[in-house]
Amino acid sequence: MNWENELTQKLGVTYPIIQAPMFGVTTPEMVAAASKAGCLGSLALADLNAEQCLELIKKTKQLTDKAFAVNIFVHEIPEVTDELREKYSKTKTFLEELAKQNQIEVNLPEINEIKVNSYHEQLDVIISENCKIVSFTFGNLDNQSIEKLKNNGTILIGTCTSVNEALILEQSGIDIICVQGIEAGGHRGSFTNENIPQIGGLSLLSQVRDSVKVPIIYAGGIYNARTILAAKTLGAEGFQIGSLLLNSEESALKDFEKERLKKLKEDEIILTKSFSGRYARGIKNTFIEAVENSDFILPYPYQNKLTGEFRKAARIQNNSEFVNLWIGQSIGKLSEESTTIILKNLIEEVDKN
Ligand SMILES: Cc1cc2nc3c(=O)[nH]c(=O)nc-3n(C[C@H](O)[C@H](O)[C@H](O)COP(=O)(O)O)c2cc1C
């Protein structure tokens, strides 16, 4: 296949394949390993504070001299009302009880102890570190931020899960759109509606292609040559690979998490708001069942922050029933080889087709 296209030129890569940003899984080593395969690495910065972002960017720069994308969460921060305080307190009590019943020792934060970072503080670090590719999810950047980044020569990649979201991104001057099909592992990038659009990749990608002119990256369910070629036929110039890299050598997952992923059955994968307050795709477990059957789901990012301490404690105990294990719908063999090898094998498979 002739891989060269508008995206390879814009992103300065040999192959228009993007190692998906996966917060909690992606490491600077994974980003460097993707670059080594001639692909674009993406450093997941989620909603980390400026100092943490700086440390990760610097570490990645030490491992690769290639350009990589930094990925951030661009979301609204709900106001802390009396109603939210009350619900937070009840949810905290519910989770403490759940932890106790399952012999997990937790120390959950009070709402006043939670620090919610805004993406604006991340942008200053991103600009001062001269990161030239920024991808984002959960929303759209405000006009001022778009202008600031563009003045620094930054290429912007926004995530959509509907045609409407794609149009909003294009109209605000975003350079590249990442179309995320419902198959994708992890959080939905949806940002226009409480009820997320649950559109399959086939329908979504083709319709977004009909609606926007900017280059498109497709994310969701890509795991082999056939899925890449299908996405290409439907209008994608770039291919974002997430779940396929979950068990790779450079993944930050612990051994018990990788073992759980290896045993996964297809009917165990669901969309849930229970961990973070936003819909994400992952493996159904005891935590999800307990929270889904309760009234205790706070808006993002409060649910995320509150359950974060719970998950940390469960992770220390290697307890896969109480941690979030995100994965998409294409759950074939999860290789434990290096990200470089996994991506190179994929490229070779496409080239043989
Ligand atoms: C464990 C995990 C964490 C993720 N974290 C992020 C993230 O931090 N930022 C983001 O834009 N997308 C995130 N995603 C979504 C991926 O970037 C990508 O859209 C998705 O993995 C593609 O679908 P696939 O898993 O079927 O390959 C995550 C996905 C997974 C599986």
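1. In this note, Ala, Val, Leu, Ile, Met, Phe, Trp, Tyr, Cys and Pro count as nonpolar, Asp, Glu, Lys and Arg as charged, and the others, Gly among them, as polar. By these classes, the shell around the ligand consists of eleven nonpolar and ten polar residues, with no charged residue. The reader should bear in mind that the model under discussion is predicted.

2. The surroundings of the ligand deserve attention before the rest. The ligand is surrounded by 21 residues, and the closest are Pro21, Asn71, Gly221, Gly242 and Ser243. Two of these names, Pro21 and Asn71, return in the next point.

3. Which atoms of the ligand pair with polar atoms of Pro21, Phe23 and Asn71? For Pro21, the partner is an oxygen atom of the ligand, which lies 3.0 Å from a backbone N or O atom of this residue. For Phe23, a polar backbone atom is 3.1 Å from a nitrogen atom of the ligand. For Asn71, the side chain takes part: one of its N or O atoms is 2.8 Å from a nitrogen atom of the ligand. As for cover, the ligand on its own has 610 Å² of accessible area, of which the protein covers 95%.

4. A separate matter is the empty space within the protein. Rolling a probe the size of a water molecule over the atoms shows where empty space is left. The count comes to one cavity of 30 Å³ or more, and the largest cavity has a volume of about 30 Å³. Its lining is formed by Thr161, Gln180, Gly181, Ile182, Arg188, Pro197, Gln198, Ile199 and Leu204. By class, this lining has four nonpolar residues, four polar residues and one charged residue.

5. The second largest pocket holds about 600 Å³ of space. It is lined by 24 residues, and those closest to its centre are Ser190, Asn193, Glu194, Arg278 and Tyr300. The lining of this pocket divides into eleven nonpolar, seven polar and six charged residues. Domain 1 (1-77 + 116-253 + 332-353) and domain 2 (79-115 + 265-326) each supply at least three residues to the lining of the second largest pocket.

6. Tyr300, named above among the residues closest to the centre of the second largest pocket, also belongs to a cis peptide bond. This bond runs from Tyr300 to Pro301, and its omega is near 5°. Pro301 is located in the loop between helix H11 (286-292) and helix H12 (302-316).

7. A further backbone detail concerns Ala46. This residue is part of strand E2 (residues 42-46). Its phi is near 45°, which is a positive value in a residue other than glycine.

Terms used: Residues numbered from 1 in each chain as written. Predicted model: local features only at pLDDT ≥ 70, side-chain atom pairs only at ≥ 80, totals over all residues. Heavy atoms only, no water. Near = heavy atom within 4 Å. Polar contact = N/O pair within 3.5 Å; in protein donor to acceptor, adjacent residues only side chain to side chain. Areas by Shrake-Rupley, 256 points an atom, 1.4 Å probe, with all protein chains shown as cover. 1 Å grid on protein atoms, 1.4 Å probe; cavity = no way out; pocket = protein on both sides within 12 Å on 5 of 7 lines; lining within 4 Å. Points joined across faces, edges and corners; volume = space filled by probe spheres on them. Domains from an automatic or database assignment. Helix = DSSP H or I, 4+ residues; strand = E, 2+ residues; numbered from the N terminus.
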